[in-house]
Amino acid sequence: MSHGGRGVARHDNFVVFVGRALPGDTVRARVTRVKRSFAEAMAEELLVPGAQNVDPQCDPEGACGSCTWQRLPYELQLTYKEEQVRDAIVRLGGLEQPPMLPIVGMDDPTGYRNKVEYTFATDPETGEVFSGYHRFGSWEEIVAIDECLIADPRGNAAKHIVDAWAKRYDLKVFNRETGTGLLRSLVLRVGHATGEVQVNVVTGSTAKGLPRAAELVDDLEAGVPGIVGVLHTQTDSRAETSFSEEPPTVLWGRDWYEEQMGGKTLKIRSNSFLQTNTRQANKLYDIVLDVAKPRPDDIAYDLYCGLGSITLALAPHVQEVVGVEVVQEAIDCAIENAELNGIENVEWQTGNVRPILKFAKGVWPDPTLIVVDPPRSGLVPKVVMRICEAKPERIIYVSCNPTTFAGNLPQFREFGYEPVSIQPVDQFPFTSHCELVARFEPIPGWEPPTAEELAAREAIKLAAKNRTKQRTNARAAGRRKPKAKGADAAAADDQGA
Ligand SMILES: C[S@@+](CC[C@H](N)C(=O)[O-])C[C@H]1O[C@@H](n2cnc3c(N)ncnc32)[C@H](O)[C@@H]1O
């Protein structure tokens, strides 16, 4: 099993990463890309399933790109995830004996997603519109989905109603190349604890609004228990996105729904990040509190706080907490959520963590506890440096990508911190993704580097940068071809170049 969740095959000693193949499978695969040291392939036919294979609970063809690990028993999924986290930390993080705790799995790994996004497409045979997920390994092709195994089932009625409405009025699918057509995607959000359902129909821009909106609203109101809002988002972006700078139009109800997470009631709006697996997020936040061991005299920072779920969970246990987040709408929700939960010892800052931390130095109170929960790309080295320079007693790193987490470990070490516990948590059953919570503490006896050591490190970095630049220039020069056959090119031809 590779880190991205593909099967690893070998031809002689040459490695081939095979999509849709799992350990032990015999497959017929088509090679899609060949590099100097490895190749990539996609399994086209499963000839003999591996010994561990179980019958998938949906999508027996393995066509859907959403749950790539459906054929693995859940216990084995957990074993692979734990191994992959450990492997990344050893290989990329340079820790020989990672202080790892056993992975926390789910009791029931189905129906866990509180948010799903279906893409609209046209059936090439019938010409009818439908919604589904991307075909495994394809950017273009959509596989029709009736009921998604990992989606909260309380959103299914809404999906069926929207699909039927689109078919009934023969609405056209948006074409990202030409900007014509209408329907792009359907975003469904369900409050796991509250049962509230929000429906957001995403289209290209329409001067006259969503056609047949009244009929859609009537059907949804009548057929979806718990529905609290029907929204319409418009975007002409060429990227595949449901995000729009403009707030959605409320066709019916309200533009927010309620969820309970980390022991708090949260108001969620359409553009704010929320952990997609509420049941596991509650466990994740419990683990954060457990390993952070917050104290009443703590000055805490929650960096990349989203709409404040961790910030608010920490607040009752510390003197003061500062939440930092780049999305204004998420901070607006966070402010509302603090009020809703009667929490007053919180300060919110909207903006990019990196410059904000620079500004914070010497201006804001010194932190004793810093929690970070960055996006999949992890932390840039400057942020690691600024976090460590603030000298907190402990740093809690919540990561949704063990590979980038592991890549940050040498940087933390460079600035005097190391992990003392790492707890993987399975937030995404049937996929290869894994979350983790790590506690960092200052390395005992660590001294900041001297001015000479810093200068020597800078010189090494600069030399490496120059070498990369030279290589890039050399490669670019090799690729540059004469535009027209001028005198120089003709001369080169003559010399057999
Ligand atoms: C993985 S989410 C974590 C959210 C929150 N801790 C939670 O559990 O719901 C990462 C958050 O970081 C925000 N973000 C991404 N890049 C950022 C940056 N450079 N500065 C501040 N926030 C950022 C995203 O908008 C998102 O809300």
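**From one strand pair to the whole chain**

In this predicted model, a good place to begin is arginine 28, whose bridge partner in strand 4 is glutamate 45. This bridge belongs to the pairing of strand 3 with strand 4 (residues 38-48), which run in the antiparallel sense and are joined over eight bridges. Strands of a sheet pair through backbone hydrogen bonds, either parallel or antiparallel.

Stepping back from this pair, one finds an open sheet of four strands, arranged in the order 1-2-4-3 and with mixed pairing. Its edges are formed by strand 1 (7-11) and strand 3 (26-34), each of which pairs on one side only. From one strand to the next, the twist averages 40 degrees.

The sheet is one part of a chain that holds eleven helices and 20 strands. Because a compact globule of 497 residues would have a radius of gyration near 23 Å, the 26 Å found for the chain agrees with that expectation. The C-alpha trace spans about 80 × 75 × 55 Å along its principal axes, and 40% of the 497 residues count as buried. When contacts between residues at least 6 apart in sequence are considered, 63% of them join residues at least 24 apart.

Finally, which residues are closest to the ligand? They are Phe273, Tyr304, Gly306, Val326 and Asp373, and they belong to a set of 19 residues that surround the ligand. Helix 5 (309-314) and strand 15 (320-325) are the elements that give two or more residues to this shell. By class, the shell is made up of 13 nonpolar, four polar and two charged residues.

Note on methods
Residues numbered from 1 in each chain as written. Predicted model: local features only at pLDDT ≥ 70, side-chain atom pairs only at ≥ 80, totals over all residues. Rg over C-alpha atoms; globule rule 2.2 N^0.38 Å. Buried ≥ 20, exposed ≤ 12 C-beta atoms within 10 Å, placed from the backbone. Contact = placed C-beta atoms within 7 Å. Near = placed C-beta within 6 Å. Nonpolar A, V, L, I, M, F, W, Y, C, P; charged D, E, K, R; others polar. Pairing = 2+ DSSP bridges. Axes fitted to C-alpha atoms, helices over the stretch in contact; angles between N-to-C directions.
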